[in-house]
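Biologist: Thanks for sitting down with me. I would like to go through this model and ask what stands behind each label. Could you put it on the screen?

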Amino acid sequence: MARILAIDYGIKRTGIAVTDELQIIASGLTTVNTSELLSFLKDYTSKENVELFVVGEPKQMDNTASESEVLIAPFLEKLNKQFPNIPVYRVDERFTSKMAFQTMIDSGLKKNQRKNKALIDEISATLILQSYLYSK
């Protein structure tokens with residue numbers, strides 16, 4: 001089997017998480033500068049077999065698209081052009097940042113470590129991927 005890769009897209013940074021090859025466990029992989037995201041994905045997919053991209057879908061409380069969706073749409077077009085054989089699945093990402101921060105507290109990270117926004121993005125990507133895995 002191949003891995004599933006999740007993307008928590010952000011203006012500056014993007015959190016990335018992946019499954020194991022059996023698609024059972026979601027793990028944080030890294031956080032990359034968004035400007036380097038496509039080249040990172042190209043490099044990663046050349047080394048690992050990825051069968052699906054799961055991309056967070058920011059929504060408002062009334063279930064309408066968030067303002068951030070305008071920024072994600074051009075990325076999705078580039079992603080589909082760069083990787084035409086890897087489908088993209090969208091997952092509602094409401095509250096993932098808050099849940100990521102709470103996860104950091106629950107795991108005992110010190111206050112200084114919880115200020116690491118890159119880690120929050122990586123944990124958010126992991127939560128998005130876990131949400132997908134639970135729903136399939």
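Biologist: Among contacts between residues at least 6 apart in sequence, what percentage join residues at least 24 apart?

Modeller: In the protein chain that share is 61%. Please keep in mind that this is a predicted model. The chain has five helices and five strands, and from the N terminus the order is β-β-β-α-β-α-β-α-α-α.

Biologist: What makes strand S4 largely enclosed by the rest of the structure?

Modeller: Buried means under 20% relative accessible area. Six of the eight residues in S4, residues 50-57, are buried, so the rest of the structure largely encloses this strand. For the protein chain, buried residues make up 41% of the 136 residues.

Biologist: How do you know that S4 and S5 pair?

Modeller: Pairing requires at least two bridges found by DSSP. S4 and S5 (residues 88-92) have five, in the parallel sense, so they count as paired. One of the partnerships joins Val55 to Arg90 in S5. S1 (residues 3-8) also pairs with S4 in the parallel sense over five bridges, and there Ala6 stands opposite Val54.

Biologist: Why is the contact of Arg90 and Glu69 called a salt bridge?

Modeller: The cut-off is 4 Å between a side-chain nitrogen of Lys or Arg and a carboxyl oxygen of Asp or Glu. Arg90 and Glu69 come to 2.9 Å, N to O, so the pair qualifies. Arg90 is in strand S5 and Glu69 in helix H2 (residues 69-82), so the salt bridge ties together parts 21 residues apart in sequence. Glu69 has a relative accessible area of 17%, so it is buried.

Biologist: How many salt bridges are there by that rule?

Modeller: The count is four. Among them is the one between Asp121 and Arg13, with the closest N and O atoms 2.9 Å apart. This pair links distant parts of the chain, with Asp121 in helix H5 (residues 117-135) and Arg13 in strand S2, 108 residues apart.

Biologist: Are Asp121 and Arg13 buried or exposed?

Modeller: Asp121 has 12% relative accessibility and so counts as buried. Arg13, at 26%, is partly exposed, because that label covers values between 20% and 50%.

Biologist: What separates Asp43 and Lys47 in helix H1?

Modeller: They are four residues apart, so about one helical turn lies between them. Their side chains meet in a salt bridge at 3.0 Å, N to O. Asp43 is partly exposed at 38%, while Lys47 is exposed at 60%.

Biologist: Why is Thr34 called buried, though it sits in a loop?

Modeller: The loop lies between S3 and helix H1 (37-47), but the label rests on accessibility: Thr34 has 12%, so it counts as buried. Leaving aside neighbours within four places in sequence, Thr34 is in contact with Tyr9, Gly10, Ile11, Lys12, Arg13 and Thr14. Its side chain reaches the backbone nitrogen of Arg13 at 3.4 Å, which is within the 3.5 Å limit for a polar contact.

Biologist: And what makes Ile24 exposed?

Modeller: Ile24 has a relative accessible area of 58%, and exposed means over 50%, so the label follows. Ile24 is in the loop between strand S2 (13-19) and strand S3 (26-33). Together with Met1, Leu22 and Ile25, Ile24 makes a nonpolar surface patch of about 470 Å².

How values were computed:
Residues numbered from 1 in each chain as written. Predicted model: local features only at pLDDT ≥ 70, side-chain atom pairs only at ≥ 80, totals over all residues. Heavy atoms only, no water. Helix = DSSP H or I, 4+ residues; strand = E, 2+ residues; numbered from the N terminus. Buried < 20%, exposed > 50% of the residue type's maximum accessible area, 1.4 Å probe, protein only. Contact = heavy atoms within 4.5 Å. Patch = residues over 30% accessible without salt bridge, like charges linked within 9 Å, V, L, I, M, F, W, Y side chains within 5 Å. Areas by Shrake-Rupley, 256 points an atom, 1.4 Å probe, with all protein chains shown as cover. Polar contact = N/O pair within 3.5 Å; in protein donor to acceptor, adjacent residues only side chain to side chain.
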